[in-house]
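I opened this notebook page to record what I looked up, one helix contact or residue at a time. The entries follow the order in which I checked them.

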Amino acid sequence: MLSVGMVRSRLDAASWSTRDNVAQSLISDASIDDLHDLDAEGVLLLAVALQQGPRILSARDESALVRLKSGTQYKEITESLKFAVTLVKGATTNPTVTALLDTGMVERIYAAENSRLSIAERIGIDGSTIGRGQLGNPAFTDVKTEFASGWRTVAKRVATSRYLFDFAGTPRLLSHGSTDLDFDVSYSGVYSYTAIEDFVVAAYLAVLMTRRSKPGRSHADTAKFAVAFYHGMSAMVIAAQSPLTDKVNWAPVEAGLLAAGNTDEVAYVNEVVR
């Protein structure tokens, strides 16, 4: 059975000039199931050993790399938004997330944010929030804390598949070009990878839905409070809610926001939650 420990031990014992030969042997001797079950670290160690030195692979290196790519579980994520939403919903029992979080909601977040970008943001001058979902490190930190397992799953898939299938596109999740995965990387280093951003946006919506859940509050209203907080409206919402006896429903808060002139903010919420 192929393991990370075996791969590291065998490669460490080899000279620099023979590491690719050892990697070839490990890959050819392993079953397809073994290659599939090998964790990201082991896959990366083998891939690096095969591709070390000049970017001209021998026929045996190329053949081993093809077999590794064929067997590994770490392939490019297709339908990344669907992948992200499924991963997030599978990791929570919150009823609003289960009922309402879907690819359409995330797509509407992207559309609502895009329509409100400033001129500076449109030419690449970002503030504290970035990307299609206009999030920053505080939201990313919440996601990595609340959805740690899902974050590690996505990070491994993205880092390893990019190294295997698109060496030039290796993300900053790989520390200094090594096989060490950096799960604590900042959002600015990884948001440009579609699968990562889709996961972070979907997971952050789930974090906020969970935080805004309240006894007696409907799924739709929970989602509206969550999206308002996503859009940075927390101070507005608290101000609108403070004189109210009704601390559950969205409608009186919306009325207060409109009375205060926050029409676009209300429009944003209603664009996303349908």
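Before anything else I noted the cut-off I would need: a residue is buried when its relative accessible area is under 20%. I also noted that the model is predicted.

**Entry on Thr160**

I looked up Thr160 and found it in helix H11, which covers residues 148-165. Its relative accessibility is 0%, and therefore Thr160 counts as buried. I then asked which residues Thr160 touches once those up to four places away in sequence are not counted. They are Ala40, Val43, Leu44 and Tyr74. I also checked the side chain of Thr160 for polar partners, and one of its polar atoms lies 2.8 Å from the backbone oxygen of Lys156.

**Entry on Gln51**

I went next to Gln51, which belongs to helix H4, residues 40-51. Is Gln51 buried or exposed? With a relative accessibility of 6%, Gln51 counts as buried. Setting aside neighbours within four places in sequence, I found Gln51 in contact with Leu57, Leu65, Tyr163 and Phe167.

**Entry on H10 and H12**

I then turned to a pair of packed helices, H10 (residues 137-146) and H12 (residues 194-212), whose axes are 9 Å apart and meet at an angle of about 80°. Because of that angle, H10 is roughly perpendicular to H12. On the H10 side I listed Ala139, Phe140, Asp142, Val143 and Glu146 as the residues that make the contact, and on the H12 side Phe199, Val200, Ala203, Tyr204, Val207 and Arg211. Sorted by class, this contact of H10 with H12 has eight nonpolar and three charged residues, with no polar ones.

I stayed with H12 to check its length, and its 19 residues reach 27 Å from the first C-alpha to the last, close to the 27 Å expected at 1.5 Å a residue. How many of the 19 residues of H12 are buried? The count is 15, so H12 is largely enclosed by the rest of the structure.

**Entry on Val88**

I looked at Val88 in helix H6, residues 80-89, and since its relative accessibility is 0%, Val88 counts as buried. Apart from neighbours within four places in sequence, Val88 is in contact with Leu101, Phe147, Phe199, Ala202, Ala203 and Ala206. Two of these names, Phe199 and Ala203, I had already written down for the H12 side of the contact with H10. I also looked up the separation of Val88 from Ala155, which is 67 residues along the chain and 14 Å between C-alpha atoms.

**Entry on H15 and H16**

My second helix pair was H15 (residues 251-259) with H16 (residues 263-272), where the axes come within 7 Å and cross at roughly 145°. The contact is made by Glu254, Leu257 and Leu258 of H15 together with Thr263, Val266 and Asn270 of H16. By class I have three nonpolar, two polar and one charged residues for the contact of H15 with H16.

**Entry on Val22**

Last, I looked up Val22, which is found in helix H2, residues 19-29. At 16% relative accessibility, Val22 counts as buried. Not counting residues up to four places away in sequence, Val22 touches Arg10, Leu11 and Ala14. I also compared its position with that of Phe199: Val22 and Phe199 are 177 residues apart in sequence, and their C-alpha atoms are 36 Å apart in space.

Definitions and conventions
Residues are numbered from 1 along each chain as its sequence is written. This is a predicted model: local features need pLDDT of at least 70, side-chain atom pairs count only at pLDDT 80 or more; totals for chains, interfaces and linings use all residues. Side-chain values use heavy atoms; hydrogens and water are left out. Axes are lines fitted to C-alpha atoms, for helices over the stretch in contact, and angles run from 0 to 180 degrees between N-to-C directions. Helices (H or I, at least four residues) and strands (E, at least two) are DSSP runs, numbered from the N terminus. Angles under 35 degrees count as roughly parallel, over 145 as roughly antiparallel, 65 to 115 as roughly perpendicular and the rest as oblique. Contact means heavy atoms within 4.5 Å. Ala, Val, Leu, Ile, Met, Phe, Trp, Tyr, Cys and Pro count as nonpolar, Asp, Glu, Lys and Arg as charged, and the others, Gly among them, as polar. The expected span of a helix is 1.5 Å times one less than its number of residues. Buried means under 20% relative accessible area, exposed over 50%, partly exposed in between (1.4 Å probe, protein chains only). A polar contact is a pair of N or O atoms within 3.5 Å; within protein, one must be able to donate a hydrogen and the other to accept it, and residues adjacent in sequence count only if both atoms are side-chain atoms.
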